[in-house]
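Colleague: I should like a close look at one part of this model: the aromatic rings, and whatever surrounds them. Please relate that part to the rest of the chain as you go.

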Amino acid sequence: MDRQQILLEQTCLLAQRLERIYVDSIWARRSSGHRGNLLKWIERLETSAAASQDIPANELDRLQMLLEAGYAFLEKAALERLKK
């Protein structure tokens, strides 16, 4: 499995998880724009896979940073939920 396919799977999973953050959480509001950006990436990755095109490595690196930030949102939302 190549890097692009792995990132696509991670991006889909993260977008689904961000959608499930408790609606009254401050992190739900903060992560909503982030999730929208991930959805654009999903479309881009699927389109490039269907056309058998590779996305440049530097752009995939930016996606990786976006994923890391998304995981941080999930972690903060989970911690907030545990405190209640």
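**The aromatic rings and their setting**

Modeller: Phenylalanine 73 is a suitable starting point: its relative accessible area is 17%, and the residue is therefore buried, the cut-off for that class being under 20%. The model is a predicted one, and what follows should be read as a description of that prediction. Tryptophan 27 has a relative accessibility of 16% and so also counts as buried.

These two residues bring us to the part you asked about. The structure contains one aromatic pair. Its partners are tryptophan 27 and phenylalanine 73, whose ring centres lie 6.1 Å apart and whose planes make an angle of 55 degrees, an arrangement classed as tilted. The pair joins distant parts of the chain, since tryptophan 27 belongs to helix α2 (residues 26–50) and phenylalanine 73 to helix α3 (residues 57–83), with their positions 46 residues apart. The tilted label follows from the plane angle, because only planes under 30 degrees apart are called stacked and only those over 60 degrees edge-to-face.

Charged groups also meet aromatic rings here. Over the ring of tryptophan 27 sits the charged end of arginine 30, at 4.8 Å from the ring centre. Tryptophan 27 thus takes part in the tilted pair with phenylalanine 73 and also has a charge over its ring. Elsewhere, arginine 81 places its charged end over the ring of tyrosine 22, with 4.3 Å to the centre of that ring.

To set this part in its wider frame, the protein has three helices and zero strands, and its pattern along the sequence reads α-α-α. The C-alpha trace spans about 45 × 20 × 15 Å along its principal axes. Of the contacts with a separation of 6 or more, 74% are between residues 24 or more positions apart. The link between tryptophan 27 and phenylalanine 73, 46 residues apart, illustrates how the aromatic pair reaches across the sequence.

The nonpolar interior comes next. The largest nonpolar core holds 20 residues, and the members that touch the most others are Leu18, Leu38, Leu45 and Leu63. Helices α1 (3–19), α2 and α3 each give two or more residues to this core. Helix α3 supplies the largest share, namely seven residues. Leucine 45 shows what such a position looks like in detail: beyond its neighbours within four places in sequence, this residue is in contact with Gln4, Leu7, Leu8, Thr11, Ile55, Leu60 and Leu63.

A polar residue can be examined in the same manner. Serine 48 is found in helix α2 and, with a relative accessibility of 7%, counts as buried. Leaving aside neighbours within four places in sequence, its contacts are Gln4, Gln53 and Ile55. Gln4 and Ile55 also appear among the contacts of leucine 45.

The helices are further connected through charged side chains, for the structure has three salt bridges. In one of them, aspartate 61 and arginine 3 bring their closest N and O atoms to 2.7 Å. Because aspartate 61 lies in helix α3 and arginine 3 in helix α1, this bridge ties together parts that are 58 residues apart in sequence. Both partners are partly exposed, aspartate 61 at 39% relative accessibility and arginine 3 at 36%.

Another salt bridge is formed by the side chains of glutamate 19 and arginine 35, with an N to O distance of 3.4 Å. It connects helix α1, which holds glutamate 19, with helix α2, which holds arginine 35, across 16 residues of sequence. Glutamate 19, at 52%, counts as exposed, whereas arginine 35, at 22%, is partly exposed.

The remaining bridge joins arginine 44 and glutamate 59, at 2.2 Å from N to O. Arginine 44 is in helix α2 and glutamate 59 in helix α3, 15 residues apart. Here arginine 44 is partly exposed, with a relative accessible area of 33%, but glutamate 59 is buried, at 18%.

As for the molecule as a whole, 33% of its 84 residues count as buried. The exposed surface amounts to about 5700 Å², of which carbon and sulfur atoms supply 52%. To return to your request, the aromatic pair links helices α2 and α3, and both of its members, tryptophan 27 and phenylalanine 73, are buried.

Note on methods. Residues numbered from 1 in each chain as written. Predicted model: local features only at pLDDT ≥ 70, side-chain atom pairs only at ≥ 80, totals over all residues. Heavy atoms only, no water. Phe/Tyr/Trp six-rings, centres within 6.5 Å; stacked < 30°, edge-to-face > 60°. Helix = DSSP H or I, 4+ residues; strand = E, 2+ residues; numbered from the N terminus. Buried < 20%, exposed > 50% of the residue type's maximum accessible area, 1.4 Å probe, protein only. Lys NZ or Arg CZ within 6 Å of the ring centre and 35° of its normal. Core = buried A, V, L, I, M, F, W, Y, C linked by side-chain atoms within 4.5 Å. Contact = heavy atoms within 4.5 Å. Salt bridge = Lys/Arg side-chain N within 4 Å of Asp/Glu carboxyl O. Areas by Shrake-Rupley, 256 points an atom, 1.4 Å probe, with all protein chains shown as cover.
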